[in-house]
Amino acid sequence: MNTPVTKYLLGFCLAFSIYSTTAQNTSNALSYASKLDNHKILLSAVNATELGALLQKSGPFTIFAPSDAAFMKFSNNKIAELIKSEDKKALKSLLSYHIVAGQLTASRMLRAIGRGNGMASFTTVQGKKLTAHLDGYDIVLTDPIGNTARITAADLNLENEGVVHEIDNVILPAQM
């Protein structure tokens, strides 16, 4: 349970547990309710893994958070199947592919893309790589299968110094 991958996966769930708690407590000064409106499916998926109860201090980390619309494009039936499945291995793999260790702000990604002659590669806590490039002014992520996701909202800060980027498609570590 002390491996870096486990710590960062737990951090991923912590971030969304913080989002859930904050959304329920509207008196909290750091209310994320407006950010949560587009991530109900993602929160359901995180809660289905039952990792939220195991969370301790972790981070910083970067989460590429698919919006609800992104999950609908992916397949509403497939994500519902993964959430309801008794074996959560595929769901955990999918979730952990959306997190990178460290605080990867949009400006850091842009610098890495610039240093990499238009391309940058980031290793997810799941262990596979994401590549990033620019399309106009947008940062676009590409998974190993060739699926792309555009960052639609960048640098949404978390209480533990992590960062969330909303993306418009679900990225996959392997064919699902």
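From the N terminus on, the chain runs α-α-α-β-α-α-β-α-β-β-β-β-β. That comes to six helices and seven strands, where helices (H or I, at least four residues) and strands (E, at least two) are DSSP runs numbered from the N terminus. This is a predicted model, in which local features need pLDDT of at least 70 and side-chain atom pairs count only at pLDDT 80 or more, while totals for chains, interfaces and linings use all residues. Residues are numbered from 1 along each chain as its sequence is written, and side-chain values use heavy atoms, with hydrogens and water left out.

Now for the sheet. The seven strands form an open sheet in the order β2-β1-β7-β6-β5-β4-β3, with mixed pairing; two strands pair if DSSP finds at least two bridges between them. β2 and β3 (120-123) sit at the edges with a single partner strand each, so one side of each has no neighbour in the sheet. On average, neighbouring strands are turned by 30° against each other, direction ignored; the axes behind such angles are lines fitted to C-alpha atoms.

Here is how some of the strands pair up:

| Strand pair | Sense | Bridges |
|---|---|---|
| β1 and β2 | antiparallel | three bridges |
| β1 and β7 | parallel | five bridges |
| β6 and β7 | antiparallel | four bridges |

Let's look at β1 (residues 61-66). Six of its six residues are buried, so this strand is largely enclosed by the rest of the structure. Buried here means under 20% relative accessible area, exposed over 50%, and partly exposed in between (1.4 Å probe, protein chains only). F61, I63 and A65 point one way from β1, and T62, F64 and P66 point the other way. I63 has a bridge partner in each flanking strand: I99 in β2 and V164 in β7. V164 is also the bridge partner of L156, which belongs to β6 (residues 148-157).

Next door to V164 is H165, placed in strand β7 (residues 163-167). With 0% relative accessibility, H165 counts as buried. Its side chain reaches the backbone nitrogen of D155 at 3.1 Å. Leaving out residues up to four places away in sequence, H165 touches a good list of others, including T62, F64, L104, M109, I151 and D155; a contact means heavy atoms within 4.5 Å.

What about the nonpolar packing? A nonpolar core is a set of buried Ala, Val, Leu, Ile, Met, Phe, Trp, Tyr and Cys residues joined through side-chain atoms within 4.5 Å. The largest one has 22 residues, and I79 and L91 have the most contacts inside it. Supplying at least two residues each to this core are α3 (40-48), β1, α4 (68-84) and α5 (89-96). Setting aside neighbours within four places in sequence, I79 is in contact with I41, F71, F74, L91 and L94. A second, separate core of 18 residues includes M109, A120, I151 and I171. Two of those names are familiar: M109 and I151 are among the residues that H165 touches.

Finally, the whole-chain numbers. Of the 176 residues, 47% count as buried. Among contacts between residues at least 6 apart in sequence, 67% join residues at least 24 apart. The accessible surface comes to about 8,800 Å², and 51% of that belongs to carbon and sulfur atoms; accessible areas come from the Shrake-Rupley method with a 1.4 Å probe.

Note on methods: Polar contact = N/O pair within 3.5 Å; in protein donor to acceptor, adjacent residues only side chain to side chain. Axes fitted to C-alpha atoms, helices over the stretch in contact; angles between N-to-C directions.
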